Amino acid sequence: MNNKATILVVDDEHGVRQSFNMVLKDEYHVLLASTGEKAINLFQENPIDLILLDILLPGIDGIDLLKKFKQTDPNTEIIMVTAVNDLQTAVKAIKLGAYEYIIKPFIVDDVLTVIGRALEKRRLVRQVAYLRNELERYHPFEKMVGKDKKMKNIFELISVVSQSDGTVLIQGESGTGKELIARAIHNLSPRKNQPFVLINCAAIPANLMESEIFGYNKGAFTGATSIRIGKLEIADKGTVFFDDIDSLDINMQAKLLRIIQEKEFQRLGDTRIIKVDVRFVAASNKDISDLISHGEFREDLFYRLNVFPIKLPPLRERSGDIPLFLNHFFKLYANKSGRPQKGVSQNALKVLMEYDWPGNIREIQNLVERLCTIKQDLVIRLKDITSFSISKKKITDGSLKEVVSSFEKQYIAEVLEMVDGNRKKASEKLDIHRNTLLAKIHEYDLNI
Ligand SMILES: Nc1ncnc2c1ncn2[C@@H]1O[C@H](COP(=O)(O)OP(=O)(O)OP(=O)(O)O)[C@@H](O)[C@H]1O
Ligand SMILES: [Mg+2]
């Protein structure tokens, strides 16, 4: 394997090409070209990290080559080499995207230093691009699953809302996808390349909230030994997400209201006014109007936040999407682990679809993850999920008859799966007549 960076040297003078080759060949993979045409061919056929480019060349000159290379791959670093002390052309080259220029005759150490820096820059640029791509892969809009009518409406709403700067209040039970929606709004907005900053109001104690949001100057209070930038300042030009906003202390609520209105604040212990350009998104799993009526949430802040209200339905109100979610998470897990994708049997699916999922989508995600870790089979059966206390809707909900038949249905389905659908064995195990079993299978619409 060859991890050396590839450097293309373009110079019409044989002696110059050879001396670059001598200097570079130990550390780099070196390609040599005597004309612009040869350089273009080599550039097209090899992955080139850096080019040492003579300005004065017969035929296509260095500046035109520079433009061409930069157009094809803006990430290729180019260092101009010039014999004449032609500063003006060199400056022009820098404006066109060259990294640096060196003057012939060159000093070996200088050349090596400049090349080292240029390659380091290239590595960092690639790393940032890679990380950005990774981040997008983890929270992209397309990765959001939902065919249910209510969710489709929400997806539409998000694409519209993301184009404006209006505040958004996302409400929904725990695990319904509030944070995912907040990130999607940011990722679809013109602010997508700027920071998305999360402030978890439930996790930060009230007395630390101010310094968390506003930051502080050295000496602002005992213990403030150095300056600290607050989350609002970090979020400048981007989006700030106040998660669990209902937990925000009532004094901080007043301050937040002012910031949303004025878009300015001061660091603790500092008199300067800092202006910020941020978009506010907030989320809560509590009913805020209820909190308002108890005097625990400021009504004026609620109206400020609620410019675009988004109400996420609990999973039990979009149970038609349960197969979609199962498939989504089985697939995610398969990709993550490199193992084949699992699925659930029809009877197991029936029970999963009737279950009420108090933990919503996070619960379904956790279940899939656990099933994937401990079960070897590709098909997850009913007996595999019953041990996870997944059962039909709350047992306190129905009449005795309903509860009994729900249990009967599940038990028969389990036994059938255990004996691989063999009705004779099943009826023996259940100790009922085969015809009774057939009737029950029909009544409960069980698949074997
Ligand atoms: N529509 C969806 N498609 C795919 N994955 C989803 C969807 N909604 C939620 N999830 C996933 O479910 C999990 C829980 O979502 P999220 O953290 O956004 O919920 P939440 O409403 O913020 O929960 P909490 O109130 O507990 O903080 C996350 O892993 C998220 O990626
Ligand atoms: Mg959350």
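Here is a short chat about a predicted model, its domains, its ligand and a surface patch. Local features need pLDDT of at least 70, and side-chain atom pairs count only at pLDDT 80 or more. Residues are numbered from 1 along each chain as its sequence is written.

Student: What separates the centres of domain 1 and domain 2?

Tutor: Start with the bounds, which come from an automatic or database domain assignment. Domain 1 covers 6-135 and domain 2 covers 141-313. Taken over C-alpha atoms, their centres are separated by 47 Å.

Student: Which side chain has a polar atom 2.6 Å from an oxygen atom of ligand 1?

Tutor: Among the residues that come nearest to ligand 1 are Ser174 and Lys178; being near takes a heavy atom within 4 Å. For Ser174, a side-chain N or O atom is 2.7 Å from a ligand oxygen. The 2.6 Å value belongs to Lys178.

Student: How much of ligand 1 does the protein bury?

Tutor: Gly177 brings a backbone N or O atom to 3.1 Å from an oxygen atom of ligand 1. Taken alone, the ligand exposes 630 Å², with areas from the Shrake-Rupley method and a 1.4 Å probe. The protein buries 85% of that.

Student: Is Ile229 buried, partly exposed or exposed?

Tutor: Ile229 sits in strand E9 (a DSSP run of at least two residues), and joins Ile227 and Ile234 in a nonpolar surface patch of about 260 Å². Patch residues have over 30% relative accessible area and no salt bridge (a Lys or Arg side-chain nitrogen within 4 Å of an Asp or Glu carboxyl oxygen), with nonpolar side chains joined within 5 Å. Buried means under 20%, exposed over 50%, so at 39% Ile229 is partly exposed.

Key:
Chains lettered and ligands numbered in written order. Heavy atoms only, no water. Patch = residues over 30% accessible without salt bridge, like charges linked within 9 Å, V, L, I, M, F, W, Y side chains within 5 Å. Helix = DSSP H or I, 4+ residues; strand = E, 2+ residues; numbered from the N terminus. Buried < 20%, exposed > 50% of the residue type's maximum accessible area, 1.4 Å probe, protein only. Polar contact = N/O pair within 3.5 Å; in protein donor to acceptor, adjacent residues only side chain to side chain.
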